[in-house]
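The following exercises are to be worked with the sequence and the coordinates at hand. Each task is followed by a solution in steps.

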Amino acid sequence: MSKEQIVILGAGTGGTMTANRLRRRFGPDEAEIHVVDRNDRHVYEPGLLFVPFGLAQLEEIVRPRRRQLRNGIVFHQNEVEEVWTERDELLLDDGTVLAYDVLVVATGVRLQPEETEGMTGAGWNERVFTFYDPEGAEALRGALERFDGGRLVVNLVDMPIKCPVAPLEFAFLADWHLRERGIRNRTELVYATPLDGAFTKPIASEHLGSLLAEKEIELVTEFNAGEVDGIGGTLTSYDGRELDFDLLVTIPLHGGAPYVERSPGLGDALGFVPTDKGTLQTPVKPNVFALGDATDLPTSKAGSVTHFEAEVLTENIARYLADEELDAGYDGHANCFIETGFHKALLIDFNYETEPLPGHFPTVFGLPLLRESRLNHLGKLAFQWVYWHALLPGREIPGIGPAMPTAGKKRTPVHI
Ligand SMILES: Cc1cc2nc3c(=O)[nH]c(=O)nc-3n(C[C@H](O)[C@H](O)[C@H](O)COP(=O)(O)OP(=O)(O)OC[C@H]3O[C@@H](n4cnc5c(N)ncnc54)[C@H](O)[C@@H]3O)c2cc1C
């Protein structure tokens with residue numbers, strides 16, 4: 001094989017794993033691997049959930065990107081400006097033009113709080129916060145410390161969002177945190193969502209809806225947030241419903257990276273990259289692949305998804321370069337720990353076809369599914385170590401592959 005030029009856009013979860021997996025697979029004389037990211041701060045995003053409650057510090061969850069990349073990978077700290085797929089080249093913000101044989105798009109999503117009227121106006125980061133980025137999570141920590149009761153509203157503006165369970169986890173942890181501080185009895189906790197239930201998938205939605213009720217968190221459904229008044233403390237939906245708040249925790253609108261929209265044929269109207277469900281190849285050109293939050297795939301935007309995709313993607317890049325048929329084996333597999341407070345968590349595991357079911361993961365002797373347990377909470381905490389030391393470096397995890405395991409699952413859902 002002649003020396004191939006592989007360029008990966010984004011050095012977050014998906015870009016870093018893919019680069020390291022490819023480096024392990026191809027020697028330096030077989031492939032040159034370039035990774036581009038606009039900054040050198042790799043954030044372990046699941047840790048952002050814990051920052052507002054003082055359970056994690058930013059310095060524990062942020063590391064230099066370069067240090068996560070194996071030797072022999074070229075890192076460009078640049079903004080991607082545009083991709084010209086018709087001539088297999090792309091432009092960086094310093095004017096550099098990179099040519100590629102294979103391109104991997106892993107630039108995730110962009111938060112767009114400014115798209116909701118009033119959200120980033122007066123009151124932003126004073127009474128209206130998001131914990132979806134490090135600065136917001138840190139600012140919210142201060143606000144929660146000062147919070148002394150009142151109405152705390154958690155709202156997701158619209159789907160898709162990354163980690164669709166994170167806002168629910170925030171509500172559960174807020175309930176726990178306020179009870180620990182003895183001010184839960186003077187706090188109304190509200191969870192407002194554009195969905196018709198607590199979650200997207202019916203069985204999990206029923207379980208999570210029951211948990212909200214048990215914890216006396218009011219669930220407001222089909223609430224499409226249209227306007228925020230950060231001074232008056234009102235969130236208004238497009239159909240005119242109003243929710244008063246003393247503290248608003250928002251998950252803002254998500255879109256794709258701006259360069260995706262600027263690059264002819266690469267993205268859809270929201271800036272996400274149309275991607276084949278099974279192979280992760282894009283329809284724009286056979287040498288362009290995508291993974292993670294940047295895609296338009298009908299599965300969760302989650303690190304677990306990105307990890308499973310990275311395995312299939314790496315194999316498919318090798319097959320593409322060897323002129324072999326691609327493996328259409330990615331089945332939409334996703335799994336998520338859901339913190340529920342009081343040192344417990346639920347675990348859900350699903351794919352494109354199968355919704356989260358009760359049972360155990362990955363086998364009958366594994367972690368309990370759809371059931372609160374201390375073991376799952378410990379699993380969530382231990383995951384950070386696994387992320388830095390096994391997933392990002394591109395190592396295999398014994399017993400956990402890209403395909404959703406069925407061995408421990410109960411096919412007949414148990415209703416609670
Ligand atoms: C609060 C929170 C909690 C979460 N909890 C979980 C969890 O418990 N479990 C789970 O599985 N997932 C969780 N996630 C989701 C998970 O973190 C993401 O799904 C995952 O990081 C996606 O990886 P990615 O590579 O697609 O995108 P990212 O990791 O976001 O990487 C994208 C990269 O592209 C770069 N980039 C973007 N545009 C450009 C450009 N124009 N030029 C150069 N670089 C660019 C960015 O700087 C970034 O580094 C959570 C997310 C959040 C926010």
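A crossing of two helices is called right-handed if the near helix is turned clockwise from the far one by less than a right angle, and left-handed if anticlockwise. The model treated here is predicted.

**Exercise 1. Helix packing**

Task: Describe how helix H1 (residues 13-25) and helix H7 (residues 303-321) pack, and state the handedness of their crossing.

Solution.
Step 1. The axes of H1 and H7 lie 9 Å apart and enclose an angle of about 35°.
Step 2. By the definition above, the crossing of H1 and H7 is right-handed.
Step 3. On the H1 side, the residues in contact include Met-17, Arg-21 and Leu-22, and on the H7 side they include His-307, Ala-310 and Glu-311.
Step 4. Sorted by character, the residues of this contact comprise six nonpolar, seven polar and four charged.

**Exercise 2. The surroundings of strand E13**

Task: Determine which strands pair with E13, in which sense, and why strand E13 (residues 187-192) is largely enclosed.

Solution.
Step 1. Strand E12 (residues 150-156) pairs with E13 in the parallel sense over six bridges. In this pairing, Gly-150 stands opposite Thr-187 of E13.
Step 2. Strand E14 (residues 217-220) also pairs with E13 in the parallel sense, over four bridges. Here Val-220 of E14 is the bridge partner of Ala-192.
Step 3. The connections are now traced. E12, helix H4 (residues 166-180) and E13 form a right-handed β-α-β unit. E13, helix H5 (residues 202-214) and E14 likewise form a right-handed β-α-β unit.
Step 4. Five of the six residues of E13 are buried, and therefore the strand is largely enclosed by the rest of the structure.

**Exercise 3. An open sheet and its edge**

Task: Give the strand order of the open five-stranded sheet, identify its edge strands, and classify His-76 as buried or exposed.

Solution.
Step 1. The order is E5-E2-E1-E9-E20, with parallel pairing.
Step 2. Strand E5 (73-77) and strand E20 (288-290) are the edge strands, since each of them pairs on one side only.
Step 3. Neighbouring strands of the sheet are turned by 20° against each other on average, direction ignored.
Step 4. E5 is joined to strand E2 (residues 31-37) by five bridges, and the two run parallel. Val-36 has His-76 of E5 as its bridge partner.
Step 5. The relative accessibility of His-76 is 15%; the cut-off for buried is under 20%, so His-76 counts as buried.
Step 6. Beyond residues up to four places away in sequence, His-76 touches His-34, Val-35, Val-36, Asp-37, Leu-92 and Leu-98.

**Exercise 4. Backbone features in loops**

Task: Locate the cis peptide bonds at Pro-160 and Pro-362, and the positive phi values of Cys-163 and Leu-370.

Solution.
Step 1. Met-159 and Pro-160 are joined by a cis peptide bond with omega about 0°, and Pro-160 lies in the loop between E12 and H4.
Step 2. Cys-163 is found in the loop between E12 and H4, with phi near 45°. At 25% relative accessibility, Cys-163 is partly exposed.
Step 3. A cis bond also links Phe-361 and Pro-362, with omega about -5°.
Step 4. Leu-370, in the loop between E24 and helix H8 (374-391), has phi of about 55° although it is not a glycine. At 5% relative accessibility, Leu-370 counts as buried.

Conventions
Residues are numbered from 1 along each chain as its sequence is written. This is a predicted model: local features need pLDDT of at least 70, side-chain atom pairs count only at pLDDT 80 or more; totals for chains, interfaces and linings use all residues. Side-chain values use heavy atoms; hydrogens and water are left out. Axes are lines fitted to C-alpha atoms, for helices over the stretch in contact, and angles run from 0 to 180 degrees between N-to-C directions. Contact means heavy atoms within 4.5 Å. Ala, Val, Leu, Ile, Met, Phe, Trp, Tyr, Cys and Pro count as nonpolar, Asp, Glu, Lys and Arg as charged, and the others, Gly among them, as polar. Buried means under 20% relative accessible area, exposed over 50%, partly exposed in between (1.4 Å probe, protein chains only). Two strands pair if DSSP finds at least two bridges between them. A crossover is right-handed if, with the strands pointing away from the viewer, the path from the first strand over the helix to the second runs clockwise.
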